[in-house]
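User: I should like a close look at one part of this model, set in the context of the whole. Please treat the sheet and its helices before turning to the contact between the chains.

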There are 2 protein chains.
Amino acid sequence: MHRVRVRVVEDALDANNTIARANRDDFDRHGVTVVNLMSAPGAGKTTLLERSLAGLSIRAAVLEGDVQGSLDADRLASLHVPVVQLNTGNGFGGECHLDANMVRSALPALPLEEIELLIVENVGNLVCPAEFRIGEDVRIMVSSVAEGEDKPLKYPLMFRACELVVINKIDLLPHVDFDMDRYLHHLDAVHPGVRTMQVSARTGEGVEEFRSWLERVPVRAPA
Amino acid sequence: MHRVRVRVVEDALDANNTIARANRDDFDRHGVTVVNLMSAPGAGKTTLLERSLAGLSIRAAVLEGDVQGSLDADRLASLHVPVVQLNTGNGFGGECHLDANMVRSALPALPLEEIELLIVENVGNLVCPAEFRIGEDVRIMVSSVAEGEDKPLKYPLMFRACELVVINKIDLLPHVDFDMDRYLHHLDAVHPGVRTMQVSARTGEGVEEFRSWLERVPVRAPA
């Protein structure tokens with residue numbers, strides 16, 4: 001059974017990459033830079049977007065990935081940024097990640113001609129989102145200090161698959177057992193030299209730096 | 001492609017349930033009660049086990065599920081409780097959950113004749129672990145207050161699939177935007193009447209109640 005399953009997974013990833021390249025072509029044709037925003041559940045992706053999209057100097061839209069519901073999209077609606085909801089629920093409890101085909105299905109609803117930046121908020125999960133390209137230019141990991149300093153070692157593919165690691169909830173540092181130096185050491189072991197940023201989406205600390213980064217999106221990852 | 005995929009998933013879940021029943025038969029034959037411990041990454045499953053296994057009045061073992069590495073198993077090793085590591089990594093970044101077949105492959109390494117309780121620490125993920133039975137008697141969700149009060153609404157299958165929700169990290173309540181009443185209201189909307197327990201694995205608050213619950217494991221879920 002395992003070998004059959006591995007082949008199914010390989011085929012699915014090949015098919016996914018083909019669709020991801022088609023998405024990327026469409027984004028490039030419209031001059032839209034695409035960010036894939038990933039994290040564990042509750043790391044603060046939506047709060048970070050609430051804070052950083054307000055005052056952004058470029059035109060952006062958000063594609064909001066969730067198993068079900070539109071709680072996060074509703075939170076972002078007040079920002080006057082176009083938000084498109086994409087649900088992965090399909091009767092089995094839902095998919096634990098976005099894939100290229102799901103994103104492709106949302107393209108007609110996205111105002112690609114009117115924006116320069118599309119942020120795709122992926123489903124909260126530290127495993128599968130790293131395996132499925134969606135046609136993005138860059139991938140950002142949001143990692144909360146409340147999750148513990150061992151996470152880069154436990155989910156290395158995820159931390160290796162991104163161009164920026166946003167270390168969020170630093171306002172909690174006095175209240176949790178989290179040694180920043182040790183975390184950065186673990187992170188460097190799995191992804192040497194990756195760019196990091198320390199923020200508190202809750203208090204606003206570091207958000208300006210993140211917003212500036214979004215406005216330039218300096219790295220373009222291979223499709 | 002989607003319909004093919006749905007059929008593959010249905011077949012996989014059917015096959016999984018068959019193996020889960022075989023696991024359950026083996027556990028029952030040995031008189032071992034099995035707990036499937038699930039949560040998002042960094043919710044504190046391992047710390048809760050460190051705290052509660054010390055002083056447990058029944059004989060227990062732990063099956064430690066991780067994508068890769070043995071960090072959590074190493075942490076539990078000092079408790080003098082048998083710990084068996086089960087890695088889901090397979091070259092694609094690893095599986096994001098345990099399934100019945102993985103657990104079955106670990107049975108020969110488990111001292112079933114010497115224990116009364118087996119705790120299976122699942123991979124940190126709020127979607128797929130809920131879809132794959134492993135032959136357990138009960139399922140426990142650990143939910144950290146740092147993840148936010150909306151999680152039951154965003155991952156309803158997971159919160160519906162368990163007999164106990166352990167609300168962890170309550171020592172952080174003064175420092176996070178988390179309204180316990182609202183969380184419990186959301187939880188009750190997706191899983192009316194589910195048993196809850198408020199603990200801080202870090203400070204030890206509530207751990208004695210959890211340990212007592214483990215010693216009795218009062219509910220037996222259908223296989």
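Which strands of chain B does helix H7 (residues 180-190) of chain B lie across, and at about what angle to S6(B) is it running?

Analyst: This is a predicted model, in which local features need pLDDT of at least 70 and side-chain atom pairs count only at pLDDT 80 or more, while totals for chains, interfaces and linings use all residues. Residues are numbered from 1 along each chain as its sequence is written, chains are lettered from A and ligands numbered from 1 in the order in which they are written, and side-chain values use heavy atoms, with hydrogens and water left out.

Helix H7 of chain B lies across S5, S6 and S7 of chain B and runs at about 160 degrees to S6(B). Helices (H or I, at least four residues) and strands (E, at least two) are DSSP runs, numbered from the N terminus. Axes are lines fitted to C-alpha atoms, for helices over the stretch in contact, and angles run from 0 to 180 degrees between N-to-C directions. Contact means heavy atoms within 4.5 Å.

The sheet beneath this helix is described next. In chain B, 7 strands form an open sheet in the order S3-S2-S4-S1-S5-S6-S7, with parallel pairing; two strands pair if DSSP finds at least two bridges between them. Strand S3 (83-87) and strand S7 (195-198) of chain B are the edge strands, each pairing on one side only. From one strand to the next, the twist averages 20 degrees. Strand S2 (residues 60-66) and strand S4 (residues 117-121) of chain B pair in the parallel sense over 5 bridges, and Ala60(B) has Leu117(B) as its bridge partner in S4(B). Helix H2 (residues 45-53) of chain B lies across strand S1 (33-39), S2, S4, strand S5 (138-144) and strand S6 (164-168) of chain B, and runs at about 160 degrees to S4(B).

Chain A can be described in similar terms. Its open sheet of 7 strands has the order S3-S2-S4-S1-S5-S6-S7, with parallel pairing. Strand S3 (83-87) and strand S7 (195-198) of chain A stand at the edges with a single partner strand each, so one side of each has no neighbour in the sheet. Strand S1 (residues 33-39) and strand S5 (residues 138-144) of chain A run parallel and are joined by 5 bridges; the partner of Ser39(A) in S5(A) is Val142(A). Helix H7 (residues 180-190) of chain A lies across S5, S6 and S7 of chain A, at about 160 degrees to S6(A).

The two chains also meet: 49 residues of chain B are in contact with 49 residues of chain A. Between them they bury about 4000 Å², 60% of it on carbon and sulfur atoms; buried area is the accessible area (1.4 Å probe) that two parts lose on being put together, summed over both. Across this interface the rule finds 6 salt bridges, a salt bridge being a side-chain nitrogen of Lys or Arg within 4 Å of a carboxyl oxygen of Asp or Glu. Asp72(B) forms a salt bridge with Lys154(A), their closest N and O atoms being 2.4 Å apart. The elements giving two or more residues to the side of chain B that touches chain A are helix H1 (2-29), helix H3 (71-77), helix H5 (151-154) and helix H6 (156-160) of chain B. H1(B) supplies the largest share of that side, 8 residues.
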